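These are my notebook entries on one helix and its surroundings. I record what I looked up, in the order in which I looked it up.

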Amino acid sequence: MLEVGNLTFVGLVVLGLNDAIVELTGALARFTLALGETKIISIAGLVTGISGALSMAASEFLSTKAEGDPRAKEAAL
């Protein structure tokens with residue numbers, strides 16, 4: 001495990017980005033097939049991305065806090 005300043009949470013960032021790519025791609029594909037308007041699809045994608053980011057941050061915060069790590073806020077960011 002890396003314990004060097006900014007590199008501590010690199011693995012978490014990579015996993016979060018992978019999850020975001022899969023989630024957004026799936027959601028945008030569904031919205032594109034179900035809806036025909038570009039503006040609605042864009043808004044739905046934006047809402048999906050923001051809610052996914054908040055969900056992942058909250059999960060990481062609670063997970064890190066449950067482990068007793070005092071840097072739970074930093075891990076969530």
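Entry 1. I began with S63, which lies in helix α2. The model is a predicted one. I asked whether S63 is buried or exposed, and found neither: its relative accessibility is 35%, so S63 counts as partly exposed. I then took its separation from A75: the two are 12 residues apart in sequence, and their C-alpha atoms are 9.5 Å apart in space.

Entry 2. I moved on to T64, also found in helix α2. T64 has a relative accessibility of 3% and therefore counts as buried, since the cut-off is under 20%. Which residues does T64 touch, leaving out those up to four places away in sequence? I found D69, R71, A72 and A75. Just after α2, I noted that G68 takes a positive phi of about 90°.

Entry 3. I next looked up the helix as a whole. Helix α2 runs over residues 38–66 and has 29 residues. From its first C-alpha to its last it reaches 42 Å, close to the 42 Å expected at 1.5 Å a residue. Which residues of α2 are buried? I listed I41, A44, G45, T48, G52 and T64. These buried residues pack against α1 (10–34) and α3 (72–76). For the spacing within such a list I kept one general point in mind: an α-helix has 3.6 residues a turn, so residues three or four places apart point the same way.

Entry 4. I then examined how α1 and α2 are arranged. Their axes come within 10 Å and cross at roughly 150°. That angle makes α1 roughly antiparallel to α2, because angles over 145 degrees count as such. The crossing of the two helices is right-handed.

Entry 5. I listed the residues of this contact. On the α1 side I recorded L12, G16, D19, A20, E23, L24, A27, L28, F31 and T32. On the α2 side they meet I41, A44, G45, T48, G49, G52, M56 and E60. What is the division of the contact residues into nonpolar, polar and charged? I recorded 9 nonpolar, 6 polar and 3 charged. Of the residues I had listed as buried in α2, I41, A44, G45, T48 and G52 recur in this contact.

Entry 6. I checked two further positions of α2. I50 lies in this helix, and at 48% relative accessibility I50 counts as partly exposed. I50 and L24 are 26 residues apart in sequence, with 10 Å between their C-alpha atoms. K39 lies in α2 too. Is K39 buried or exposed? Its relative accessibility is 62%, so K39 counts as exposed, the cut-off being over 50%. K39 and A29 are 10 residues apart in sequence and 14 Å apart in space, C-alpha to C-alpha.

Note on methods. Residues numbered from 1 in each chain as written. Predicted model: local features only at pLDDT ≥ 70, side-chain atom pairs only at ≥ 80, totals over all residues. Heavy atoms only, no water. Helix = DSSP H or I, 4+ residues; strand = E, 2+ residues; numbered from the N terminus. Expected span 1.5 Å × (residues − 1). Buried < 20%, exposed > 50% of the residue type's maximum accessible area, 1.4 Å probe, protein only. Contact = heavy atoms within 4.5 Å. Axes fitted to C-alpha atoms, helices over the stretch in contact; angles between N-to-C directions. Parallel < 35°, antiparallel > 145°, perpendicular 65-115°, else oblique. Left-handed = near helix turned anticlockwise from the far one by under 90°. Nonpolar A, V, L, I, M, F, W, Y, C, P; charged D, E, K, R; others polar.
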